[in-house]
Amino acid sequence: MSSSTNALQDAASVDDFLNAAATETVPLFEHLEFEFLLEYDVFAPARRGRTRVHHPPDLFRGFLHCYYKNIYGTRLVTRELQHSLVWYYCGLDKPPSRDTIDRFLTDLEHVVDTVFDRLVEQAAARGLLDSTYSIDSTHVEAIQYNDAASWNYDPTAEEHYYGFGCTIVSTGEKIPIAAEFTQTK
């Protein structure tokens with residue numbers, strides 16, 4: 001190796017780029033197809049009113065990336081998806097707003113069981129699953145005018161939050177194979 005290559009490897013920006021590019025979710029996105037999300041009525045553009053700024057498959061990739069990195073909650077997911085490499089690798093044209101993320105989560109709640117069923121079927125067909133399972137119980141924050149959410153207490157963080165509980169079952173390299181949203185953690 002030349003000395004200029006060694007100097008380049010020590011640069012913080014190169015390290016940051018390589019760390020972001022080496023995430024496990026990027027190869028996962030190449031193996032799974034997310035376009036089926038467009039088949040669900042909850043993700044269809046409204047007949048009247050505002051259309052969606054971001055496509056549901058791209059937002060879902062963003063959530064998978066965040067969950068893989070143990071990033072949960074509307075505010076934290078929004079912050080993570082502000083990083084240019086992250087939103088770019090997820091297929092987004094620009095970072096989504098907090099309202100967009102909250103709306104997507106609210107819509108996803110209605111179809112999450114069937115979405116994860118389809119993803120598990122795809123992962124199994126491609127040999128991505130193994131026999132090691134883990135369960136993570138967390139919460140997803142919601143905007144306070146979301147009537148379906150409620151105030152809850154998270155004993156692990158020792159704080160109150162307004163939102164939903166979310167249980168995620170994963171296998172192998174943290175590939176989610178099941179999820180359920182509940183009113184409380």
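The chain holds 7 helices and 4 strands, and the structure shown here is a predicted model. Read from the N terminus, the order of the elements is α-α-α-α-α-α-α-β-β-β-β, so that a reader following the chain meets the helices before the strands. Of the 185 residues in the chain, 42% are buried. Among the contacts with a separation of 6 or more, 61% join residues that lie 24 or more positions apart.

A good place to begin is helix α4, which covers residues 56-68. This helix has 13 residues and spans 18 Å from its first C-alpha to its last, close to the 18 Å expected at 1.5 Å a residue. Helix α4 is also mostly covered, since 13 of its 13 residues count as buried, a word that stands for a relative accessible area under 20%.

What does α4 meet in the fold, and at what angle do the axes cross? Two packed helices are described by the angle between their axes and by the distance between those axes. For α4 and helix α7, which covers residues 98-125, the axes come within 11 Å and cross at roughly 85 degrees. Because angles of 65 to 115 degrees count as roughly perpendicular, α4 is described as roughly perpendicular to α7. On the α4 side, the contact is made by Pro 56, Leu 59, Phe 60, Phe 63 and Tyr 67, while α7 contributes Thr 100, Ile 101, Phe 104, Leu 105, Leu 108, Val 115, Phe 116 and Leu 119. Sorted by type, the residues of this contact are 12 nonpolar and 1 polar, with no charged residue.

The largest nonpolar core of the model contains 34 residues, and those that touch the most other members are Phe 34, Leu 37, Phe 60, Leu 108 and Val 115. The elements giving two or more residues to this core are α3 (25-31), α4, α6 (84-89) and α7, and the largest share, 10 residues, comes from α7. Phe 34 offers a closer view of these contacts: leaving out residues up to four places away in sequence, Phe 34 touches Phe 29, Pro 57, Phe 60, Arg 61, Leu 64 and Leu 119.

Helix α3 can be looked at through one of its residues, Leu 28. Leu 28 counts as buried because its relative accessibility is 11%, and buried means under 20%. Although Leu 28 and Arg 61 are 33 residues apart along the chain, their C-alpha atoms are separated by 9.5 Å.

Following the chain past the end of α4, the reader comes to Asn 70, which sits in the loop between α4 and α5 (74-80). Asn 70 takes a positive phi of about 60 degrees just after α4, and this is a positive value in a residue other than glycine. Is Asn 70 buried, exposed or partly exposed? With a relative accessible area of 48%, Asn 70 is partly exposed.

The next stop is Thr 74, whose place is in helix α5. Thr 74 is buried, with a relative accessible area of 1%. Which residues is Thr 74 in contact with, once its neighbours within four places in sequence are left aside? Thr 74 is in contact with Arg 98, Ile 101, Asp 102, Leu 105, Val 140, Glu 141 and Ala 142. Ile 101 and Leu 105 also appear among the α7 residues that make the contact with α4.

Note on methods
Residues numbered from 1 in each chain as written. Predicted model: local features only at pLDDT ≥ 70, side-chain atom pairs only at ≥ 80, totals over all residues. Heavy atoms only, no water. Axes fitted to C-alpha atoms, helices over the stretch in contact; angles between N-to-C directions. Parallel < 35°, antiparallel > 145°, perpendicular 65-115°, else oblique. Contact = heavy atoms within 4.5 Å. Nonpolar A, V, L, I, M, F, W, Y, C, P; charged D, E, K, R; others polar. Core = buried A, V, L, I, M, F, W, Y, C linked by side-chain atoms within 4.5 Å. Buried < 20%, exposed > 50% of the residue type's maximum accessible area, 1.4 Å probe, protein only. Expected span 1.5 Å × (residues − 1).
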